[in-house]
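Reader: Hey, can you walk me through this one? I'd like to know what sits against what.

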Amino acid sequence: MISYNFSGRATVVTGAGGGMGLEIAKQLIAAGGSVLMIDLKSKPEEIEEGDEVIFAQGDLTDPAFVNAAIQNAYNKFGRIDHLANVAGVLLFGTDVSLLDMDPDIWDKVLDINLKSMVHTVRAAVPLMRKSGGGSMVHFSTVQCLRGDSKPQDAYVASKAGVVAMSKSLAMQLATDGIRSNVVLPGVSHTPLQDRWSEDDVKAMNAYVPIGRVGSADDMASATLYLLSDAASYVTGVDLIVDGGLMLKY
Ligand SMILES: NC(=O)c1ccc[n+]([C@@H]2O[C@H](COP(=O)([O-])OP(=O)(O)OC[C@H]3O[C@@H](n4cnc5c(N)ncnc54)[C@H](O)[C@@H]3O)[C@@H](O)[C@H]2O)c1
């Protein structure tokens, strides 16, 4: 297992009450980092707040909340070095074809999955500059790279926007020493996919070339690499972490 050293570094992790965000936060804390965890959900029991860990419960679509939470973390930690934009929603049943969808659902999904990242980036980048540079990882999905016979059009459009946003930020911020990259997970077993039955998981395990669906740990490994100095020459990249799923399309 590769070990990273994030001591003396402060990271903002969104979606940190859930599957991938929580795992990323836990691995950053284990690597000695200071972490601001943000989620709509309340603090997971296993997380203990202290000098190096803050949990801010609130809505990422509210820029006032986002600004206050990130500024508070900067005041406490004395720096902000990294941002992991992990929070996202997939609204099963209501996020369908754009031809049939309630336009309010489109707005809601874009607000949560894409515009919330605009809020966190706008709050974090000035503080990263003050801290001497840094890196960001934003979560998309492999689904935004292809069509789908069972469409979730707002979800994939929001996630394609994440890819475009990251590349533009990578170019704009390179000379500030701030990197921006994307993780595109394949199907992964987290609370987002609670609807899967055991048989669904078996069928997906058989379908993925590597022989299993992804885990929060798979995504945390990719994220810690991209945030860390091991990736200091990597920016504007879209890292597919899907066990080979996209090889089939
Ligand atoms: N699980 C998968 O199969 C999969 C596949 C591809 C991409 N992704 C993406 O990976 C990321 C993480 O997914 P996950 O599987 O860990 O999902 P998850 O549902 O387990 O976690 C997402 C977290 O985001 C939080 N959140 C949602 N809206 C919020 C808001 N407005 N304000 C604050 N917090 C909010 C939720 O409360 C939740 O804890 C998401 O962006 C998702 O779209 C997941």
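Author: Sure. One term to start with: contact means heavy atoms within 4.5 Å. Also keep in mind that this is a predicted model.

Reader: Okay, so which residues is L36 in contact with, leaving aside its neighbours within four places in sequence?

Author: L36 touches T11, V12 and V13, then I54 and A56, and also A69, I70, A73 and F77.

Reader: And what about the largest nonpolar core, how many residues has it got?

Author: That core has 46 residues. L36 is among those with the most contacts inside it, along with I38, I70, I80 and M136.

Reader: Which elements give two or more residues to this core?

Author: From the strands, you get strand 1 (10-14), strand 2 (34-39), strand 3 (53-57) and strand 6 (178-185). The helices are helix 2 (63-77), helix 3 (103-130) and helix 4 (153-173). Helix 3 gives the largest share, 11 residues.

Reader: What does the second, separate core include?

Author: That one has 30 residues, including L28, V86, F139 and V234.

Reader: New topic: at what angle do helix 1 and helix 6 pack?

Author: Helix 1 (residues 19-30) and helix 6 (residues 216-227) pack at about 55 degrees, with their axes 8 Å apart. They are therefore oblique to each other.

Reader: Is that crossing left-handed or right-handed?

Author: Helix 1 and helix 6 make a right-handed crossing. On the helix 1 side, the contact is made by G19, M20, E23, I24, Q27 and L28. Helix 6 brings A216, D217, M219, A220, S221, T223, L224 and L227.

Reader: How do those residues divide?

Author: In the contact of helix 1 with helix 6, eight are nonpolar, four polar and two charged.

Technical notes: Residues numbered from 1 in each chain as written. Predicted model: local features only at pLDDT ≥ 70, side-chain atom pairs only at ≥ 80, totals over all residues. Heavy atoms only, no water. Axes fitted to C-alpha atoms, helices over the stretch in contact; angles between N-to-C directions. Helix = DSSP H or I, 4+ residues; strand = E, 2+ residues; numbered from the N terminus. Parallel < 35°, antiparallel > 145°, perpendicular 65-115°, else oblique. Left-handed = near helix turned anticlockwise from the far one by under 90°. Nonpolar A, V, L, I, M, F, W, Y, C, P; charged D, E, K, R; others polar. Core = buried A, V, L, I, M, F, W, Y, C linked by side-chain atoms within 4.5 Å. Buried < 20%, exposed > 50% of the residue type's maximum accessible area, 1.4 Å probe, protein only.
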